[in-house]
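Good morning, and thank you for the opportunity to present. I should like to take you through the packing of this chain, and then through a few points of its backbone.

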Amino acid sequence: MSNLDYSYSSYLEYDYSSIAPEEHLPPHASFASTTVFIAGLIVATIFSATDQTPTTMASTAAVVVGISLLLSIWLDYKRGLRNLFRADLLCLAALYALTLLEFLFPQEGFDERVTLEQTVKALHLVFIGMGGLAIGRHLVALKPIQSSWLNFSNISNKALFQMLLMAAFLGYLHMLISVNFDIFRMIDAMLGPRFSEPWSRGRLGGATSLISELALMLSAIPPLAGVIWNRRQSFSVFQLFIVFILFALTLFQGFSGGTRNVFASYLIAFLIGYLLTLPQYSFKNTIIPILIALGILFYASDHMLAFRQIGLRNYILNEAYINNTPETFAVDYNLWAIGLLADAFPEQHDFLGLEIIVWSIVKPIPRFFWPGKPEGLSVSIEEIAGAEGWTVAATYLGEAYMMAGIFGVIGVSLFFGALAGWWNRMALQSQSAYAMVVYALGFFALGVTMRSMFWLTTLILPIVALVVIKKLKIVR
């Protein structure tokens, strides 16, 4: 079987008893690819320590880790292109993008923010975290998931379309209510500055915030659109038009909000839903869509960062995009934030311990049901960074370090690696279109979780909703 020749329908009907065990395992990383990647992390640790400035340290690490990650991907590609559509690989790629990718480009202002010692600490935590993810994915057995709750039969095209309409209605309901169901006013509000929309919730939320929680269902639209596109011959032109409008609106909503990780997750969820239900793989229907998505993401990234405070409308009307010619590519300097936390704990603050775990679990509980719910951590990242009026992200690595230092980073990384490896088993447990939508939503959740572990319990709610909807036979 060639790497770009995979028949979805024949996979459904294949008799696994007639083939070797290795051929019907779920997508997974080989021990060889993990060994190469771990070796790359060790080399990066040694080489980056010899550099003289924070920027050169980070740049060396970015190059060495990037090469080792590509080599490990190439080794896994030998089992076929489909073997690369894995949650653990997304986690590693996302963490690399959040911490090291920007240092492949000049970053002249970085040296002014951090010291050599902070950079060393931050890089070591990144290496340990990536190593934990890579090792953790091997901690689960390579066999189908046995849970009947994740064993889906297929559903009709009619049900897929109904599911898309249901996700759109629930996801946009709080927005529509805030504008008296005036769709044009809703779109106009999306063009305003960040957090200025009429549906923006207060810091602590309230009774009305219960409806806004349904916005999580928007994440189901991209993978559903990807699956429906592969079945487009079975849908009417009108239905495909509705699918296109809802998918485009969702991408626009993610783009206009200026939150790059959400926009990226929408694109990735669409790609996973699309790629995993392709009848066959070819360069045209596989590689080209991936390259287009990456191009859109990189092009949109700089613009989103530039307009999210002034709004897309002002950005266009004032022609601010003309002067938006960044000299380099930048993300968020998460490495800087991680270094600050590594300096502050435990010298200035005690480790937060179980407080991190508790907040991660209770975060999605609406305050309407729990008025005494904590408002946040006793020591915030913003407080340590001296940020007023803006948020600071330190990826899950910084949060795990706040919990229990290096042991927290190791433990959480192993857990996320194992969770991603376990989720990959969904790709074999059922190849139904509905299962692939659920599987793609797991990508969405894990990808955003790399930015902050506090989002995991919130972003799995759409997955729970789709599972319950199917098991209660609301759609067939």
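Please bear in mind that this is a predicted model. I begin with helix α9, whose buried residues pack against α6 (157–178), α10 (237–256), α11 (260–275) and α20. How many of the residues of α9 are buried? The count is 9 of 10, across a helix that spans residues 221–230. Among them are I221, P222 and P223 at the start of the list, and N230 is buried as well.

Helix α20 brings us to the interior. The largest nonpolar core has 145 residues, and M130 and Y172 have the most contacts inside it. The greatest contribution to this core comes from α20 (residues 433–449), which supplies 14 residues. Leaving aside residues up to four places away in sequence, M130 touches F37, L41, V65, L92, L95, Y96, T99 and L100.

In soluble globular proteins, nonpolar side chains tend to be buried together. On the surface, however, I460, L461, V464, V468, L472 and I474 form a nonpolar patch, with a combined accessible area of about 490 Å². Of these, I474 is found in the segment after α22 (461–471).

I turn now to the backbone. Most residues other than glycine have a negative phi, and most peptide bonds are trans. The bond from F345 to P346 is cis, with omega near 0°; P346 lies in the loop between α15 (334–344) and α16 (354–362).

Two residues have a positive phi near 55°: N180 and Y333. Are they buried or exposed? N180, in the loop between α6 and α7 (183–190), counts as exposed because its relative accessibility is 63%. Y333, in the loop between α14 (320–323) and α15, is buried, with a relative accessible area of 12%.

Terms used:
Residues numbered from 1 in each chain as written. Predicted model: local features only at pLDDT ≥ 70, side-chain atom pairs only at ≥ 80, totals over all residues. Heavy atoms only, no water. Core = buried A, V, L, I, M, F, W, Y, C linked by side-chain atoms within 4.5 Å. Buried < 20%, exposed > 50% of the residue type's maximum accessible area, 1.4 Å probe, protein only. Helix = DSSP H or I, 4+ residues; strand = E, 2+ residues; numbered from the N terminus. Contact = heavy atoms within 4.5 Å. Patch = residues over 30% accessible without salt bridge, like charges linked within 9 Å, V, L, I, M, F, W, Y side chains within 5 Å. Areas by Shrake-Rupley, 256 points an atom, 1.4 Å probe, with all protein chains shown as cover. Salt bridge = Lys/Arg side-chain N within 4 Å of Asp/Glu carboxyl O.
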